[in-house]
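Trainee: Could you take me through one part of this model in detail? I would like to look closely at the surface around the DNA strand.

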Amino acid sequence: MVAKILCVAEKPSIAKAVANHLAGSTVPASNVSGIRWLKNYEFDFSFGQPWGHCSVTMTSVAGHLDRLEFDERYRKWNSCDPGSLFDAPVSNIIDKDKQPIARNIKQQARYAKALFIWTDCDREGEHIGSEIRKLAQEANPRIEVKRARFSNIEKAHVLNAARQPIDLDELQANAVAARIELDLRIGASFTRLQTLSLQPLGEELQGLTISYGSCQFPTLGFVVDRYFRVKSFKPEKHWRIEMIHQREGKKVNFRWDRVHLFDRMAATILFERCLAARTAKVVKVQTKPTNKWRPLPLTTVELQKMGSRFLGMDSQRVMKIAEDLYTKGFISYPRTETDQFDRAIDLKKLCEKQKNDPSWGQYASGLCEGGFRTPRAGKNNDRAHPPIHPVIHVTRDKLSPEERKVYEFVVRRFLACCSEDAKGNITTVEVEYGSEIFSSSGLVVLERNYLDVYPYDKWESSSQLPQYSAGEKFVPNEANLVQGKTTPPGYLTEPELIALMDANGIGTDATMAEHIAKIKERQYVMVQARSGGPILPDDDAEEDRGATQRRSRGASSRRGRGASQNGGGSSRTQRSGLQEFIPSTLGVALIQGYDDVGFEVSLSKPFLRKEVSWVK
DNA sequence: GCAAGGTC
């Protein structure tokens, strides 16, 4: 008799894709009673030894099945001292809406020889695998359990994974079990303690849930930390030498190599040497090619950052839309840390699918006709999902306005990844004036390449430098000692917060947006549109030019480092319209309160959480 | 009325 093997994936889309690959053709889906979107796929497949030719049922769960909860008598908020939640009995239950999924696995496991677990190859996937195993073994104690190791759903890779199964990683599964229990006990006990003891302190606190969470607090901590850095900022005076030369009707503003000095006397002495020298000497004129690199393949974190920067949506909204697009089959899985495409994915074919779009179709055609370049590879690979990319072409009328924005971004980003870098020439003129070196540069963009399809990056030719030749001397038209001062940082913006959470291991790509939404909902932080004010970390701001200055306005546009690779571009345009986070009195008080308690490890800082969720 | 992590 043919052996039966049960395969269970983490989500329906993987079950479907894997089933079709293993079967070699589209497998009909059969319904599972009690749950509309769950399907079973039945087909034959030859696993390697010892299983051989088998009859397979492929199905899935939808994330975790189990939920950890306190026993009945601890559930009411006033039923116990919050501290007792640290050792109150807890148990795993399966929510009612997940019961049909569990029932399906048990039914299918009953007559199966083996269970193959196809959950994502990450820590949570390992734990979900252990939940599936527990169910299967309840129905069939003798079932053999294996795990497929796969990092994408490309056919050859999937077939390979099916034939070389490994074992579940118990250590990782256990680490997640510990994480779940800690989060529940600490979250529930601190939340009850805070809410019950703080609410009576003020009218404004009535009815508020004053929650504590191992991720929400470090998230809030970042906002509060920045707030205090802005508040306690003391401007420092500095001085710089400005030198302007006019030639061919153009005003050339030379930058001082030292940028500025905080010592007035030193700056003055250097400035006087410049004046004493009278003439400046051109020491180097150099024109060299420069590139602006195309973007890296798209990760979740990057999608969220770009969303709040360019699409006018907060990170939670962007993720919601991206998930909808994924569910409809328009884009790939939107929760990924991977910024490198696997060789096995046919990227050209994906470009081809975009050929008929009225906006970027022509550009996509260009890629198909020779413009295609293999994308750059970033440093991250979660071995579970490819970078976010469009799966099929979708016409405008099938999308809501917000869906359209996110889909368009995903497509343009993908096409940009598959393009050539932008190319230009940068000319730098370096002069010696007194004892000091000054320089100025001009950029000519020669080939826009990926920029044509990716308007989110800016790289434009600057005004051109007049001719200079090495060795020549000239008398500057103006030389000034300019006093400026350092400017405070801005309040934290959403892309900055996401970057901090990412770098410090707070939350996962799937949950960072939720934590941000949570601290807003709890009224720990407020959001305001960034407008004017001391935003730009640019020493041109807030200059006090004093009485001696003759410098004309409008000549300062040459300050930018036109050729910086991967640079963020001018911050002024990118930052306008951005939201920034200001902590509420409550938010500040909570963070300060915890810091004042002086735990060995600060709960407002990310270090403890990072240790809990650290992988290897 | 609590957490964070999956996913539909």
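Mentor: Happy to; what follows is a walk along the protein surface around DNA strand B, with a short look at two other places afterwards. Keep in mind that this is a predicted model.

Let's begin with the residues around the strand. There are 40 of them, and Pro 12, Ala 62, Lys 98, Tyr 333 and His 515 come nearest. On the DNA side, sugar and phosphate make up 60% of the atoms of strand B that come within 4 Å of the protein.

Now for some individual polar contacts. Ala 62 has a polar backbone atom 3.3 Å from a base nitrogen of DNA strand B. Gln 216 also uses a polar backbone atom, here 2.9 Å from a phosphate oxygen of the strand. With Thr 508, a polar side-chain atom lies 2.9 Å from a phosphate oxygen of DNA strand B. Helices H5 (170-198), H9 (315-327) and H14 (512-521) are the elements that give two or more residues to this surface. H5 gives the most, with nine residues.

Next, a pair of strands. Strand E15 (residues 478-485) is largely enclosed by the rest of the structure, because seven of its eight residues are buried. E15 runs antiparallel to strand E9 (residues 237-247), and eight bridges join the two. Within this pairing, Lys 237 stands opposite Lys 485 in E15.

Finally, a place on the surface: Val 601, Phe 607 and Leu 608 form a nonpolar patch with about 260 Å² of accessible area together. Phe 607 sits in helix H17 (residues 607-613) and is exposed, with a relative accessible area of 53%.

Notes: Residues are numbered from 1 along each chain as its sequence is written. Chains are lettered from A and ligands numbered from 1 in the order in which they are written. This is a predicted model: local features need pLDDT of at least 70, side-chain atom pairs count only at pLDDT 80 or more; totals for chains, interfaces and linings use all residues. Side-chain values use heavy atoms; hydrogens and water are left out. Patches are made of residues with over 30% relative accessible area and no salt bridge: like charges are joined within 9 Å, nonpolar side chains (Val, Leu, Ile, Met, Phe, Trp, Tyr) within 5 Å. Accessible areas come from the Shrake-Rupley method with a 1.4 Å probe; for residues, only the protein chains shown count as cover. A salt bridge is a side-chain nitrogen of Lys or Arg within 4 Å of a carboxyl oxygen of Asp or Glu. Helices (H or I, at least four residues) and strands (E, at least two) are DSSP runs, numbered from the N terminus. Buried means under 20% relative accessible area, exposed over 50%, partly exposed in between (1.4 Å probe, protein chains only). Two strands pair if DSSP finds at least two bridges between them. A residue is near a molecule or strand if one of its heavy atoms lies within 4 Å of it. A polar contact is a pair of N or O atoms within 3.5 Å; within protein, one must be able to donate a hydrogen and the other to accept it, and residues adjacent in sequence count only if both atoms are side-chain atoms.
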